Each structure stands twice: as structure tokens, then as C-alpha cells.
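Biologist: Could you take me through one part of this model up close? I'd like to hear about the strands that pair up, and then whatever sits around them.

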Amino acid sequence: MSSSSISILKGGSRKRVALTATGLILCISAAKLLIHLYASHHYGYFVDELYYLACSRHLDWGYVDQPPLIALLTWIARLLLGDSLPAIRFFPAVAGAAEVGLTALIARELGGKRFAQGLAALAALVAPAILVADSLMTMNAFEPLFWMGCAYLLIRIIKTGDQRLWIWFGILSGIGLENKYSMLIFGAGIVLGLVLTAQRRLLANPWIWIGGVIAFLIFLPNLIWNIQHHFPFLELQANIRHSGRNVSLGPLQFFAEEILSLLPLTLPICLAGLWFFFFSKPGKPFRALGWAWVFTAAVIVTLNPRVYYLYPAFPVLFAGGSVMWEAWLTQPRSQWLKVAYPALMVLAGAVFSPLAVPILPPETFIRYTKALHLEPPRIETHKLGPLPQLYADQFGWEEMTAKVAGVYYSLPPEVRAKTAIFAQNYGQAGAIDLFGPKYGLPPAISGHQSYFLWGPRDYTGESMIVMQGRQQDLERYYASVKKVASVYHPYSMPYEHFDIFYCRGLKHPLKEIWPQVKDWD
């Protein structure tokens, strides 16, 4: 509670209720933080984390597949805490705890008291989809803070009339754009919501346009980078659509996956949230947020997306829905639901949590999911092994590096100095870059995503260790190709089970043919 909120409470008992609400939110946020801190050292580095660690060693204003903020945050984490698993996952854990608190804060600003704030925070805690996002060092852990931060500021602008808050709105949305381009979708939804409601009057105020200019200026360095590099993100997205590797979902399938991944027990809260913004009198001043949610959902479904693209928008429904349920559960005979339903949410959240955070050993996890017939939603069409992709992509990386090191040290010292390690994807390359120094390996090169932009360095191609590929294909480019090792881990993704080749005598200079290795997919 803010000091101003506490000061308006006259009776001592009411003051205790307000403080209890604050204490409740702090406890739920602390529980969220502790869950992630406990799980952060289990399993291994996620494939994208390996890539972001590599990007943090090549700081720039942009990358093929994301804006620069995640690389900067990873660089800061490495600088302050190191590059261990708990170190790089500390910031996402804190972001997750902050998301819980921010959801409750929005509920309070919408008129919610202790029960509404607690229910909103609890929904943000137990939703498996949100647990997943906050358990890894990825852009998805920070995205809700930018979306919901802007939602909170809009509510404050509407309630207080303080138009200068648009400056902070612009700062937050600009930084959000440097985190993930989907900030544009939610931002456009807010603008549409203002146009469609009585709050369109805010568009006539100069402060909102000043905030827009600030957001644009913050985003400008990345925009210039994209112009200079011919918008690689758009090329990448087109390639992904053409490849068909994303699981294709129709609207009904998409929302069914959303319900399951956010915990079915949060559905009544979400539906009540839509009711709050569109049909209730207390929600009418904030109806722009309802339209923002609907617009965001419509755009994402139209783009045939991955299910997690809409997750950052749900806390605003948790907040509005919790306020609505608090208003509905005012009768004495319904008070038991205020205890029973949250308790049921906690129980269900505990049952589903092993699918979201690695709290069980792999073999125990496999038995657990088989016994309960549980399976996380699939986001890609790759063949799976015994673990879902989220977990499988955390296994086998150091073992793979050790295999490559064995090949590398089988070469004479004078050959090693000019031997490149070529990886087929950023996970392989990122693993070599992270674990390689321990084995005395040089950094990898690759044509995948931003590794392509970082180039072949000074390697000529006369001696190369090539990870993955087919021997007959490699023989088209090299004078000599020899299979020297194989990579396999029982828990890793099947496509990461491959052969390693030692290749000599590239038929054309590596820098000359480098454009051909480009792989943006």
C-alpha cells in the first residue's frame, strides 16, 4: 500500500486490514521468488539461454531474432553474478515476483481490496505458463512487466488526471520495444482502446504525444540497426512460417491451450475480467484495457502464433476478474468460497507445477506425467524424446562440448590452431562458447541467426570440425570428410543426436562462401 492509501484509513482495524493485504501480496511474491530460486539450478542451460549468453559477448543495438535488451540484461547478470545457472536466472525470478506484485497492484487500482489483490496475485503465481516464462533467462520473463506496467500507468492517468505520467508510459513502452517487438501489439491495442472509449479525450493532450516521441527515441537505435541490416527479424519470421515448424493452432485450439497452460481454475477469473472491463460500472472508465486485451488476442491468433505470445496480457484480466469476484462474493453464505477456491487453486497449481519448473528429477518427472496423463503444450513440430521440449533443450550441451573437445585434441597442435568448430544452430554454438573454455576450445562459428552476422573470423576452412550434417553433403564442399564421433544424450531433443565430422580442404575460401551458410530459421 502507498502512504496515501494508508493515510485515508481512519479506524485501527481497517489499517490492519490494509497492512494485511500488503503482507499477503509480499508473501505470495516471496513464494514465487523462492520457487524459481529453488528450481534455478536444476537440469541445465536452456538452448535460448546459451544463445543469449553468446549475444551478451557481442553487445549490439540489435540481433537477427530479438532487440538488444535481453543481451544487455544477460551481460549485467554475468558481470554482477557470473554465468552459472542460478546467476543468470536470478533476474527472471525477480521479474516473476514483481509480476505477481504488479498484478495485485493493478487490482488495487481497479478498486480491489484484500481478497481481490490476493486472488489476482495468486492467479499470477499458480499459472504454469507464467511459471515457465519466469524460470528461464529469456525475453518472456520481462515482457509482462512492460505490458502490465503500461496498463498500470494508464489506470493511474485515468484515475488521477496526471497527464505527465505519459512520460513514464513512453519510457516503459520504449524499453519494452527494446525487449520484444510484440510490445507494438499491446501498445496498439491501448491506442485502439482509447479511440473506442470515452478516454479518447486523452489523445488530445500533448503529454501522450510527448510520451510517444520518447518511446520512439528509445526504440530508434534498434530501428536504425534493422534498417542497416535490412530487417532480418522480418526475414526470419517469414522463414519460420514457410518451414512449418510452429505447431499450427486454430482459434479454438489456441484458447484451449491458453486455458490449460494458465490453469483451468483461472478461467473464471479471466472471464470475470472481461466482464469487469466491458459490462461493469466500476470497470467502465478502464474499458480501453479490455479492448487492448481483445485486440492483442485477435492479432496474435491471426498471426498463427505460439501459445505463449498472449501470456503477458493475462494479468490485467486476473486483476479485473478478481475485483469482479470480490464484488460478487459479498453475501455471508458465499464467504467460504473466498477460502476454498484459492486453496483449490494452490492445490491444482502444485499438481501442474512440475510441468512448468524443473523441481522433479527427469525420471521422476517422466513417471509423474505418465501417471497423471499430463503433457505441456507443444510449440514446435519437432520429434520429442522422453521429455517435453522445454526440458529436453536443457540437456546434453556440456556432454556435446566434451565430445567436440575429444576430436579437437586428437589433432596435432599445429593443426588445432587453424581448426574452426562449425555448429549448425545457436544452441550448439552457444554451448561451445560457454563450456569450451573449460576444455580449451576456441569459440564456435555458425550460420544460424546472429552467429551468421558475427562471421567466420579468420578461419579459412582448411581444417574444420563440423557438428551435425550428412557426409555426402559435406563431401561436396571439402576434399576430405571423416566421421569422428557421435553425440547422444537420453534426455536431449532427438534432433540434437548427431554425428561429428572432421573436414579438410574446403574447396573455396570460407569468407567467400559464408553467405551460403546463412540459416535464419
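Modeller: Sure, let's begin with one pair of residues: Ser 480 stands opposite Arg 504 in β5. That pairing belongs to a longer match, in which strand β4 (residues 478–487) and β5 run antiparallel and are joined by eight bridges. Keep in mind that this is a predicted model, though the chain has a mean pLDDT of 93, with 96% of its residues at 70 or more. The stretch to leave out of any close reading is residues 1–18, where pLDDT stays under 50.

Back to β5, which covers residues 498–506 and also pairs with strand β3 (residues 463–467). Those two run antiparallel as well, with five bridges between them. Here Val 466 is the residue that stands opposite Phe 501 in β5. As a rule of thumb for reading strands like these, side chains in a regular strand alternate between the two faces of the sheet.

Now for a loop residue, Asn 425, which is found between β1 (419–423) and α23 (426–439). Its relative accessibility is 13%, and because buried means under 20%, Asn 425 counts as buried. The Asn 425 side chain reaches the backbone nitrogen of Gly 427 at 3.0 Å. Setting aside neighbours within four places in sequence, Asn 425 is in contact with Ser 446, His 448, Gln 468 and Glu 496. So if you're clicking around on screen, pick Asn 425 and bring up those four contacts, then follow β5 from its β3 bridges to its β4 bridges.

Terms used. Residues are numbered from 1 along each chain as its sequence is written. This is a predicted model: local features need pLDDT of at least 70, side-chain atom pairs count only at pLDDT 80 or more; totals for chains, interfaces and linings use all residues. Side-chain values use heavy atoms; hydrogens and water are left out. pLDDT is the predictor's confidence in each residue, from 0 to 100. Contact means heavy atoms within 4.5 Å. Helices (H or I, at least four residues) and strands (E, at least two) are DSSP runs, numbered from the N terminus. Buried means under 20% relative accessible area, exposed over 50%, partly exposed in between (1.4 Å probe, protein chains only). A polar contact is a pair of N or O atoms within 3.5 Å; within protein, one must be able to donate a hydrogen and the other to accept it, and residues adjacent in sequence count only if both atoms are side-chain atoms. Two strands pair if DSSP finds at least two bridges between them.
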